[in-house]
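Visitor: I should like a close look at a single part of this model, followed by an account of what else can be described around it. Please set out the terms as you go.

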Amino acid sequence: MTLTAGVVAVQGDVAEHARAIERAGAAHGEDVTVREIRDSGIVPECDVLLLPGGESTAISRLLAREGIDEEIVAHVAAGKPLLATCAGLIVCSTDAADDRVETLDVLDVTVERNAFGRQRDSFEAPLSVAGLDDPFPAVFIRAPAIESVGPDVTVLAEWDGRPVAVAQGPVVGTAFHPELRPDSRIHHLAFFESVASGPIDGSERPAENSTV
């Protein structure tokens, strides 16, 4: 099986995400073809999507201008997996607490931008993530935090008492940058569990994994 992975390439760590999904695919025994998405028309050809970080207001504006925003919403509605990281998480939320961000409303969370400080406050933390046996070395750079989650959202990880990784349906969102470490377990969790077993559904996760 060859999996087509689309990386939204309007901003952010495009190459790093591409390498991460390729590593995760190889570990799962799958061939992965990566498509970089800057224009409309590519998303419908993709099995999975990655929405990297960057600047959330700019990302949302560019997605809307190119017509990629509606394609991402349709991708999620079809039950296809999406991993959104850092600013990508903000754009996917239902409430970015900032009217300048045109949210996609595919993840029922309210977020706070730059909740863990500015660029100089970046840090790495050993994060316990539901579904992973060992801590994940999470890199936080101008990271948002999740202030509240809807009833269909599963919290996968917390830091400093705040959710920083969540799942809802086929969408996984992280406040940190999993692509910046050679550890591709977050990409595996977001994509290959759902590809193998059907879309992630928070209501079907084991109860003990609902919080961390």
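Guide: Two strands are said to pair if DSSP finds at least two bridges between them. Strands (E, at least two residues) and helices (H or I, at least four residues) are DSSP runs, numbered from the N terminus. The model is predicted: local features need pLDDT of at least 70, side-chain atom pairs count only at pLDDT 80 or more, and totals for chains, interfaces and linings use all residues. Residues are numbered from 1 along each chain as its sequence is written, and side-chain values use heavy atoms, with hydrogens and water left out.

The part chosen is strand β11, residues 162-168. Six of its seven residues are buried, so the strand is mostly covered; buried means under 20% relative accessible area, exposed over 50%, and partly exposed in between (1.4 Å probe, protein chains only). Strand β10, residues 154-159, pairs with β11 in the antiparallel sense through five bridges. Within this pairing, R162 of β11 is the bridge partner of W159. Two residues lie between the strands of the β10 and β11 hairpin, where D160 adopts a positive phi near 55°.

Strand β11 also runs antiparallel to strand β12, residues 171-174, to which four bridges join it. Here V166 stands opposite G173 in β12. The hairpin of β11 and β12 again has two residues between its strands, and G169 in the turn shows a positive phi of about 55°.

Helix α1 offers a second view of burial. Spanning residues 14-27, this helix has 14 residues and reaches 20 Å from its first C-alpha to its last, close to the 20 Å expected at 1.5 Å a residue; the expected span is 1.5 Å times one less than the number of residues. Its buried residues are V14, H17, A18, A20, I21, A24 and G25. Seen down the axis of α1, these fall within an arc of 165°, so they line one face of the helix; the arc is that of the directions from the helix axis to the C-beta atoms. The exposed residues A26 and A27 are carried on the face turned away from that buried side. Just after α1, G29 has a positive phi of about 80°.

Turning to the interior, the largest nonpolar core has 64 residues, of which L51, L63, L82, V129 and F176 touch the most other members. Such a core is a set of buried Ala, Val, Leu, Ile, Met, Phe, Trp, Tyr and Cys residues joined through side-chain atoms within 4.5 Å.
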